[in-house]
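Colleague: I'd like to go through this model with you and ask what stands behind the words we use for it. Could you put it up first?

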Amino acid sequence: MSSSKAGPAAGSAAAGTRRDTLSITDNRTGRQYEIPVKNDTIRTNDLRQIKVQESDFGMMGYDPAYTNTASCTSKITFIDGDKGILRYRGYSIEELAEKSTYPETAYLILYGELPTRAQLKDWNYHITHHTFIHESIKKFLDGFHYDAHPMGMLISTVAALSTFYPDAKDIFNPESRRKQTYRLIGKMPTLAAFSYRHSLGMPFVYPDNDLSYAGNFLNMLFRTTELQYRPNPTLERALDILFILHADHEQNCSSTAMRGVGSSHVDPYSATAAATAALYGPLHGGANEQVLRMLMEIGSVNNVPAYVKRVKTGEKLLMGFGHRVYKNYDPRARIVKHIAYEVFDVMGRNPLIDIALECERIALEDDYFVTRRLYPNVDFYTGLIYQAMGFPVTMFPVLFAIPRTSGWIAQWEEMLLDQEQKIARPRQVYLGYDLRSYIPAEHRG
Ligand code: CMC
């Protein structure tokens, strides 16, 4: 759901007569209710007083997929989907992508402020010194088939981390949370890279503490016989920016999984495994993989109109288009498109870019997409960059999961410290049978 912000002059009541309430008349009973409004929002629990009979449960809100229900208050990420605005802790995504680094942005997302020089040094030290994983994790990885999807391996191994760090269960201890944060941010790239190397049958490459966060990740993925791996600076910076763009996105499917699972007070590794699983789906972080598969299926620029036709009849989705929140160009997609050309300058032009550009051109002019306000989202161009950098498509969602870990932890911690939060437990509208009597098998028709 979109970030909601109360306007200073919301409501039409003249100054002085304005009441921040909502009046409801229940036409079933003729009774009237006045419900408080705060931040353009009512508390659906206030509806529970609306009853026909005293014995009724009371009125609820019905909102499948939470399209208009705020499940929390948050100070982390602001999105205005109509205007195409994304900000972390008040800083615009454009400015962070230009001036910040992923570790600095992760710190900002987690702790609310840009770090001082000393804080950044300390933060970099800790996330760099928590990159190693227990040697036993390698044994789990060895158990996977050579063609196991790296997201499956990542979900399993991050869940397994909880068995190595029982202190992580101490979730209300700030020191423990800080330690698990260092470990999660530090180890996710190692787990991801080891999964990749396993799929190639290549030996694992251990972290190199002299490299940057993104540079070390490239080292663990691609180093072969070099004594010391030196990442290409353009690719290193491109990956770092992509990490910044993916660091958080308020209450999306995987953050909601992180908060929901975390609300049972499980350790953060188990909750992160759940969030990673949510991200794996093709409608969420798995979309970048599907975009590439779609572009390969389309095959040539000439085939784009026929493909778009199939999309319009509902036979296909145009992957990488549309967003629950953005009804305008996704601001991240604009930055990604720019980075694509910088990466192509180093690695050569990805021929699929022409098919992508043609899809975008046709879609942005076509009534089907215009009326539904479907624009390219972040996933539309990232796959082209990842492919140009040499990643197989199955690694694409993994490249989303690594930076999103900072957002997940920030959302999890905010949920834990929010006095209003409890174990997540939605209601349902039961439409099934009333009480029935058991019928023995021999009497069933
Ligand atoms: N291609 C064709 N039609 C689409 C698409 C698309 N990619 N996305 C939405 N529509 C149509 C949809 O069929 C519906 O049409 P109608 O009103 O005639 O029934 C209308 O647009 C509204 O779509 P919706 O499914 O109600 O929108 P939603 O908010 O439930 O879904 C979405 C959002 C992202 C799941 C969806 O747009 C989609 O499936 N996109 C493709 C997958 C994708 O690119 N996902 C990545 C999202 S960005 C990364 C992330 O944050 O995870």
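**Contacts with the ligand**

Modeller: A backbone N or O atom of Leu318 lies 2.8 Å from a nitrogen atom of the ligand. Mind that this is a predicted model, where local features need pLDDT of at least 70, side-chain atom pairs count only at pLDDT 80 or more, and totals for chains, interfaces and linings use all residues. Numbering runs from 1 along each chain as its sequence is written, and side-chain values use heavy atoms, with hydrogens and water left out.

Colleague: What makes the approach of His284 to the ligand a polar contact?

Modeller: A polar contact is a pair of N or O atoms within 3.5 Å. A polar side-chain atom of His284 is 2.5 Å from an oxygen atom of the ligand, so the pair qualifies. Gly320 has a backbone N or O atom 2.8 Å from a ligand oxygen.

Colleague: Which residues around the ligand are the closest?

Modeller: His284, Leu318, Gly320, Arg324 and Tyr368, out of 18 that surround the ligand (a heavy atom within 4 Å).

Colleague: And how many residues of each class does the shell have?

Modeller: Nine nonpolar, six polar and three charged; Ala, Val, Leu, Ile, Met, Phe, Trp, Tyr, Cys and Pro count as nonpolar, Asp, Glu, Lys and Arg as charged, and the others, Gly among them, as polar.

Colleague: Why is the chain called as compact as a globular protein of its length?

Modeller: The radius of gyration, taken over C-alpha atoms, is 24 Å, and the globule rule (2.2 Å times the number of residues to the power 0.38) gives 22 Å for 445 residues; the two are close, so the wording holds. The C-alpha trace spans about 80 × 70 × 55 Å along its principal axes.

Note on methods. Polar contact = N/O pair within 3.5 Å; in protein donor to acceptor, adjacent residues only side chain to side chain.
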